[in-house]
Amino acid sequence: MNVRLLALAAPLLLTGAAPAPGPAPDTAGAFLSYDRAVVPAGARARLTVHDTETGVRVNLLATGLKPRHAYGAHLHTSRCGKDPADAGPHYQHSVDPAAAPGQPSVDPAFANPRNEIWLDFTTDAFGTGKAVSVQEWPFDESRPPWSLVLHAEHTHTAPGQAGTAGPRLACLTRDGIRATYQNRPGRG
Ligand SMILES: [Cu+2]
């Protein structure tokens, strides 16, 4: 009991000595909706991240959405907030040097579904959508993607608009790994 409490308190006592706890492999929860007309109350998602031998596989199951509707979806760098922009830009394996805050990567050499996690889908008659993204690279644990963002359109690919998918409709923050789990032997 005391050991557990110490482990929970440790990150508060350390100042940058331990790695920041990253996101857990599984997250299931309700979307934070920015547009109730297309992401109604009760819309949820399950996001599963599997490590593979060579990289990562991300599965998305979304429910409670508008039936037969096309949504764009990506993993973004930061946690969700009241402002749709709070989730930050797309997670990129190779980061576009031309991108900056307020100036997203729109170069197809970087903003493409092999360098980012794109999870676009079209819902079925019940408002359920599924998507999978398989990559030959693992996430950079020093800057893992923290959120799933739903957009109004499927993702564009042309130069100058690559990676864009219309307004941000909703967001789901990935669950964080608790310090007690992060500090177990075998986990860095
Ligand atoms: Cu996005």
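**Note on the antiparallel sheet and the nonpolar core**

1. In this predicted model, strand S1, covering residues 26-30, pairs with strand S3, residues 44-51, through five bridges in the antiparallel sense. Within this pairing, Thr27 has Leu47 of S3 standing opposite.

2. S3 also pairs with strand S4, residues 56-63, and this antiparallel pairing runs over eight bridges. The two strands make a hairpin, with four residues between S3 and S4. Three positions serve to trace the register. Asp51 stands opposite Val56 in S4, His50 has Arg57 of S4 as its bridge partner, and Leu47 is bridged to Leu60 of S4. Leu47 is thus a useful reference point: Thr27 stands opposite Leu47, and Leu60 is the bridge partner of Leu47 in S4.

3. S4 in turn pairs with S7 in the antiparallel sense, over seven bridges. One position to inspect here is Ala62, which stands opposite Gly129 in S7.

4. Taken together, the four strands form an open sheet in the order S1-S3-S4-S7, with antiparallel pairing. S1 and S7 (129-135) stand at the edges and have a single partner strand each, so one side of each is left without a neighbour in the sheet. From one strand to the next, the twist averages 10 degrees. As general background, strands of a sheet pair through backbone hydrogen bonds, in either a parallel or an antiparallel manner.

5. A second topic is the nonpolar core. The largest such core comprises 27 residues, and those with the most contacts inside it are Phe31, Leu60, Ala73, Leu148, Leu150 and Cys171. Two or more residues of this core come from each of S3, S4, strand S5 (70-76), strand S8 (147-151) and strand S9 (168-173). S9 gives the most, namely four residues. In soluble globular proteins, nonpolar side chains tend to be buried together.

6. Leu60 links the two topics: Leu60 is the bridge partner of Leu47 in S4, and Leu60 is also among the core residues with the most contacts inside the core.

7. Which residues are in contact with Cys171, leaving aside its neighbours within four places in sequence? They are Phe31, Leu32, Cys80, Pro84, Ala87, Ser147, Leu148 and Val149. Of these contacts of Cys171, Phe31 and Leu148 are also listed among the residues with the most contacts inside the largest core.

Conventions: Residues numbered from 1 in each chain as written. Predicted model: local features only at pLDDT ≥ 70, side-chain atom pairs only at ≥ 80, totals over all residues. Pairing = 2+ DSSP bridges. Axes fitted to C-alpha atoms, helices over the stretch in contact; angles between N-to-C directions. Core = buried A, V, L, I, M, F, W, Y, C linked by C-beta atoms within 7 Å. Buried ≥ 20, exposed ≤ 12 C-beta atoms within 10 Å, placed from the backbone. Contact = placed C-beta atoms within 7 Å.
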